[in-house]
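Grab a pencil and work through these exercises on one protein chain. Try each task before you peek at the solution.

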Amino acid sequence: MKRVVHTLYVLICIAVLLFASGCAEEEDEGDEGIEPVPEDIPLPEEIPAPGAENAEESVEGVEGVEDVEGVEDAESVEGAEGVEGGEISVEVLEAPESVEVGQSFLIRWHLNSTVETEIPHTAVHYGPEPVSGELTLESYPFLTVPENGTIPAEFEETLVLEEAGTVYFRAHAIVDESSYWSDEQIIEVLEPGLEPETEIEPEIENESEGASGGSQGIEVLDYPTSVEGGEYFTIRWEVTGGTPGEISETVLISGSESGNESLADYPTKSSPQGGTTPKEFEFRLRAPLSGDIYFRAYAVVDDAEVFSPEYEISVSEASGSSGY
């Protein structure tokens, strides 16, 4: 009996072992289709946001801000360092045509600039002789007290001239080490009580009818053939003809060299006068300190230009020195 029981116990154990072995094989067969988890799957925090794959391209140039036009090279912007690229002009706004000796008068000028900038020098430069061509700080012998400041702006200076004669002047400024000049202006400095110009009215019955009639003409009536340097003298001339004979302008044109019948050949021009032909005119001038004078009388009558012949005045050395 004991043997039978022992045999059954052995069979039951074997059956249990076989059953357990079969279950294990089934579990292994079910696992064959499961692939291992890839090691390179990005974690959620590593997954880029939409469009982030181009983020590096989108910030291209951020490190090189100097590549942005005009940022690195600010001085390339017009006028950024100063007014070198800007427009500069000097203009005389106010000045008298004539003054008396010892009379105080005002000259006012404007410095225009497209860029606001500081300037170290502006003044009025003047002298007894006209100056043309290339201008320097030594072109005129005298100047007012230099001013400085910020432009664009207006400046003014009060002058008193102690000798009679013609004074030529320009307003001047230094901007970024470059000089800028106004056009040349003229002031007649007269002896006290002397008018800037004296007209001799001819005795005619009806000036407005242009009594001379016919072709326009101009004639120098009186002038000195020689003067001393710095001496005052008068030239007298007459304009005739035309229908009706309207004189829109008549002047004396002069220079230190002989010229043709052209305004461009003579650098100096007297104050313009006008009227109706026939009419006489005169103008008082001051001789230069040296150099002969060549001159013509000039007029525009009924829109037609007329020139007198050219005349020469010899200028001798003055017995004494004079200046402003």
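Below are three exercises, each with a worked solution.

This is a predicted model, in which local features need pLDDT of at least 70 and side-chain atom pairs count only at pLDDT 80 or more, while totals for chains, interfaces and linings use all residues. Residues are numbered from 1 along each chain as its sequence is written, and side-chain values use heavy atoms, with hydrogens and water left out.

**Exercise 1. Get an overview of the chain.**

Step 1: Start with the elements, which are DSSP runs numbered from the N terminus (helices are H or I, at least four residues; strands are E, at least two). The protein chain has two helices and 20 strands.

Step 2: Now check burial (buried means under 20% relative accessible area with a 1.4 Å probe, protein chains only). Of the 324 residues, 33% count as buried.

Step 3: Turn to contacts (heavy atoms within 4.5 Å). Take those between residues at least 6 apart in sequence: 69% of them join residues at least 24 apart.

**Exercise 2. Find the largest nonpolar core and say which strands build it.**

Step 1: Know what to look for: a nonpolar core is a set of buried Ala, Val, Leu, Ile, Met, Phe, Trp, Tyr and Cys residues joined through side-chain atoms within 4.5 Å.

Step 2: Pick out the members. The largest core has 22 residues, and Phe105, Ile107, Trp109, Leu111, Phe169 and Ile187 touch the most other members.

Step 3: Trace them to strands. E1, E3 (104-113), E4 (117-127), E7 (153-160), E8 and E10 each give two or more residues to this core. E8 provides the largest share, five residues.

Step 4: Look for another core. Apart from the first lies one of 21 residues, including Trp237 and Phe281.

**Exercise 3. Describe the two largest pockets.**

Step 1: Pin down the term: on a 1 Å grid over the protein atoms alone, a pocket is an open set of points where a 1.4 Å probe fits, with protein on both sides within 12 Å along at least five of seven lines; lining residues have an atom within 4 Å of a point.

Step 2: Take the largest pocket. Its lining has 34 residues, with Glu129, Pro130, Tyr168, Thr268 and Pro288 nearest the centre. Strands E8 (165-175), E10 (185-190), E14 (246-255), E15 (268-269) and E17 (279-286) each supply at least two lining residues.

Step 3: Go on to the second largest pocket. E1 (88-94), E10 and E15 each supply at least two residues of its lining, and E10 gives the most, with four.

Terms used: Buried < 20%, exposed > 50% of the residue type's maximum accessible area, 1.4 Å probe, protein only.
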